[in-house]
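Biologist: I've never read a protein model before. Could you walk me through this one, feature by feature?

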Amino acid sequence: MADSTPRRRTAGAPDLHAEDIHAEDVTITDLHKSYGDVEVLKGIDLTVAPGEVVCLIGPSGSGKSTLLRCINVLEKANAGTIEVAGYTATDPDTDLDVMRRHVGMVFQHFNLFPQLTALENCSIAQRRVLGRETGEANRISQDRLDMVGLGELADRYPDQLSGGQQQRVAIARALAMEPALMLFDEPTSALDPETVGDVLRVMRELAQAGMTMIVVTHEMAFASEVADKVVFMDGGVVVEQGPPSEVIRNPQHQRTQTFLSRVLHPGGL
């Protein structure tokens, strides 16, 4: 059985100022979410340890993205509890603005401000949400852009950047807030194949640095290499979970086997 102990920071990994990051488990218990009469999440239980990388896989419509959005309370769950970064996200008394300072999220589409440079995109939330002075915010922004390999493009506007570069700016922007947890919702799905590798490289480096990450992805090679735990979802439930050596390379559930055979061998009989 593969070792599921969360990774520790490796030599050469980027400095994430780990002393400033809250090391808390993510604990999701019996989570339900419905849209009208359609139940999208049907009692999800999931635990993510500090420094652990969890990849959510499964067919479209299985509830993966909804689960991520519930963790950051972009969608409100109907029942169940979510503990994240020391906060109870599902408690109506929780200050969500404060909680979200510790949770970074990167979407399929980059959501950059087109009128702001890459540096300004990374610094604006620091100034407005964290109250950092412009000089400090810019220094941290430049550091994070350097981290994702875009330091020399800090003065470029989004329309002067490729899709992969824009997505790396979005990652730098999230990291500039020094989150305890990073959520990635299919971050490479809108990219050209040539730029996917650059984004995955940055995510690999974050994993090596010990960042806690939950990643919705169809990149099975990435999940096999980087994840501590792979969670296969279908129909709003967790069908199977475990290390990649079990879930991806030796799945036990028939539904998981069928999904992976189609993903790993498209066009096969």
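Modeller: Sure, and keep in mind that this is a predicted model. Let's begin with the vocabulary: helices and strands here are DSSP runs, a helix having at least four residues and a strand at least two, and both are numbered from the N terminus.

Biologist: How many helices and strands are there in the protein chain?

Modeller: The protein chain has nine helices and ten strands. It holds 269 residues, and 49% of them count as buried. Now look at contacts between residues with a separation of 6 or more: 68% of those in the protein chain join residues 24 or more positions apart.

Biologist: Okay, sheets next. How do I read one?

Modeller: Here's the general idea: strands of a sheet pair through backbone hydrogen bonds, either parallel or antiparallel. In this model, one open sheet has six strands in the order 6-7-8-3-9-10, and its pairing is mixed. At the edges sit strand 6 (103-106) and strand 10 (237-242), each pairing on one side only. From one strand to the next, the twist averages 15°.

Biologist: In which sense do strand 6 and strand 7 pair?

Modeller: Strand 6 and strand 7 (residues 181-185) run in the parallel sense, with four bridges. To find your place there, look for M105, which stands opposite L183 in strand 7.

Biologist: Which helices pack on those strands?

Modeller: Helix 6 (residues 193-208) packs on the sheet and touches strand 3 (53-57), strand 7 and strand 8 (212-216). The direction of helix 6 makes about 145° with that of strand 8. Then there's helix 9 (residues 254-264), lying across strand 3, strand 9 (229-234) and strand 10. Helix 9 runs at about 100° to strand 9.

Biologist: I've heard about aromatic rings pairing up. How do I read that?

Modeller: A pair of aromatic rings is described by the distance of the centres and the angle of the planes. Searching the whole structure turns up one aromatic pair. F232 and F259 form it, with 5.2 Å centre to centre and 40° between the planes, and the pair is tilted.

Biologist: Why does the pair tie together parts that are 27 residues apart in sequence?

Modeller: Because F232 lies in strand 9 while F259 lies in helix 9.

Biologist: And are F232 and F259 buried or exposed?

Modeller: Both F232 and F259 are buried.

Biologist: What about the other sheet?

Modeller: This one is open too, with four strands in the order 2-1-4-5 and antiparallel pairing. Its edge strands are strand 2 (38-48) and strand 5 (87-88), each pairing on one side only. Strand 1 and strand 4 pair in the antiparallel sense over four bridges, and H32 stands opposite A79 in strand 4.

Biologist: How many bridges join strand 4 and strand 5?

Modeller: Strand 4 (residues 79-84) and strand 5 have two bridges, in the antiparallel sense. V84 stands opposite Y87 in strand 5. Strand 4 and strand 5 make a hairpin with two residues between them, and A85 in the turn has a positive phi of about 55°.

Biologist: Where does helix 1 lie?

Modeller: Helix 1 (residues 64-71) lies across strand 1 (26-35), strand 2 and strand 4, at about 115° to strand 1. Helix 1 is mostly covered, with six of its eight residues buried: K64, T66, L67, L68, C70 and I71. After helix 1 comes V73, which has a positive phi, near 55°.

Biologist: Last one: how do I read two helices that pack together?

Modeller: Two packed helices are described by the angle between their axes and the distance between the axes. Try helix 3 (residues 118-129) and helix 4 (residues 134-147): their axes come within 8 Å and cross at roughly 130°. That makes helix 3 oblique to helix 4. The contact includes C122 and Q126 of helix 3, and I140 and L145 of helix 4.

Biologist: And how does helix 3 meet helix 5?

Modeller: The axes of helix 3 and helix 5 (residues 163-175) come within 8 Å and cross at roughly 30°. Helix 3 is therefore roughly parallel to helix 5. The crossing is right-handed. A118, N121 and C122 of helix 3 make the contact with V169, A172 and R173 of helix 5.

Note on methods. Residues are numbered from 1 along each chain as its sequence is written. This is a predicted model: local features need pLDDT of at least 70, side-chain atom pairs count only at pLDDT 80 or more; totals for chains, interfaces and linings use all residues. Side-chain values use heavy atoms; hydrogens and water are left out. Two strands pair if DSSP finds at least two bridges between them. Axes are lines fitted to C-alpha atoms, for helices over the stretch in contact, and angles run from 0 to 180 degrees between N-to-C directions. Contact means heavy atoms within 4.5 Å. Rings of Phe, Tyr and Trp (its six-membered ring) pair if their centres lie within 6.5 Å; planes under 30 degrees apart count as stacked, over 60 as edge-to-face and the rest as tilted. Buried means under 20% relative accessible area, exposed over 50%, partly exposed in between (1.4 Å probe, protein chains only). Angles under 35 degrees count as roughly parallel, over 145 as roughly antiparallel, 65 to 115 as roughly perpendicular and the rest as oblique. A crossing is left-handed if the near helix is turned anticlockwise from the far one by less than a right angle, and right-handed if clockwise.
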